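Subject: Structure handover

Hello,

Here is the structure you asked about. My notes follow below it.

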Amino acid sequence: MRILALALAALALSACSRDPVKTTEAAATPAAKAPAFPPALIRDSVAGIKTRCETPNAAAFDAGDIRKAADTPAGAVYGVNLERICPDAMSRGLCGTGGCENPAFLVGPDGTTRVLAEGPNRGWEVSKDGGSLVLFVHGGECGLAGPAPCRAIVNLANGKIVAHDPPRKTAVGGVDARELTQGYCLGLHIAVAGRAADVLGKTSDLAVAGSIYAGARMVDAGEKIKDPTFQHEMKNGSFMVDHYLRMGQMSDNRSEADQLTTHFEAGDPLFNRWFACIAAFPPKG
């Protein structure tokens, strides 16, 4: 009986010792590692700005280089502290008419990172409902003059621009109607008439038509022609002709109408805008 009692005691002790072993093994299982922060995409962007700014040791990262703008259903939105990482951004070429380098990133719950905004902009903010990034950009993106207010609305869920405010409007040939100001179209037609006269002759159909239309538009403009802003718009219109010197490729071996028709049918950017201006400011009478 004494031997049996000792055996039972030994078995009891053995059973009790198993639980601590299991607990120890469970505790030794490594926990899943959290994603590295900040993600490489953000680090690389900060390093790139520092490099362009000629900041010493540009690859070094500090927590103060970035800022969290908001927590949203899609993840956390982060931006950079440009004044910290490049105090001389303006003189270093990181700023222009469209704003300064001011990227925005979305970091999802799983660490996945998406670029929401890159390049120069005039600032951005997260919408009150947390579903969009409101990006303040160059007026040209809305078909307006550069300084004019323009907002691009970015969907945080997919990082795509879904709208502009004010909205874009198109005219003939896909040209943004908001770009076709009275001054721009006047400058365009004056330049077309002049270019046609140089290449085709002053009596060519295009030169005559351009001159008549431009003359009528000058009468419509009246005193506006003296305004510096109006003159700037005219220069932008004339630049379009200088940029697309298609008429310089014409020859005397084919008729004017035949050669111009080829340009029209090919969707030449210059003539697309020429027709767009006529549609926006049609001849009177």
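How many bridges pair strand S5 with S6, and in which sense? In this predicted model, S5 (residues 104-107) and S6 are joined by four bridges and run antiparallel. One of the pairs sets Phe-105 opposite Val-115 of S6.

Both strands belong to an open, antiparallel sheet of four strands, ordered S1-S2-S5-S6. At its edges are S1 (66-72) and S6 (113-117), each pairing on one side only. From one strand to the next, the twist averages 30°.

There is also an open sheet of four strands in the order S8-S9-S10-S11, again with antiparallel pairing. Strands S8 (124-126) and S11 (161-165) each have a single partner strand, so one side of each has no neighbour in the sheet. Neighbouring strands here are turned by 20° against each other on average, direction ignored. S8 is held to S9 (residues 132-136) by three bridges in the antiparallel sense, and Val-126 has Leu-133 of S9 as its bridge partner.

Helix H4 covers residues 182-200. With 19 residues at 1.5 Å a residue, H4 should span 27 Å, which agrees with the 26 Å between its end C-alpha atoms. The buried residues of H4 include Tyr-184, Cys-185, Leu-186, Leu-188, His-189 and Val-192. Gly-183, Gly-187, Ala-191, Ala-193 and Ala-196 are also among them, as is Gln-182. Just after the helix comes Gly-201, with a positive phi of about 105°.

Regards

Note on methods:
Residues are numbered from 1 along each chain as its sequence is written. This is a predicted model: local features need pLDDT of at least 70, side-chain atom pairs count only at pLDDT 80 or more; totals for chains, interfaces and linings use all residues. Side-chain values use heavy atoms; hydrogens and water are left out. Two strands pair if DSSP finds at least two bridges between them. Helices (H or I, at least four residues) and strands (E, at least two) are DSSP runs, numbered from the N terminus. Axes are lines fitted to C-alpha atoms, for helices over the stretch in contact, and angles run from 0 to 180 degrees between N-to-C directions. The expected span of a helix is 1.5 Å times one less than its number of residues. Buried means under 20% relative accessible area, exposed over 50%, partly exposed in between (1.4 Å probe, protein chains only).
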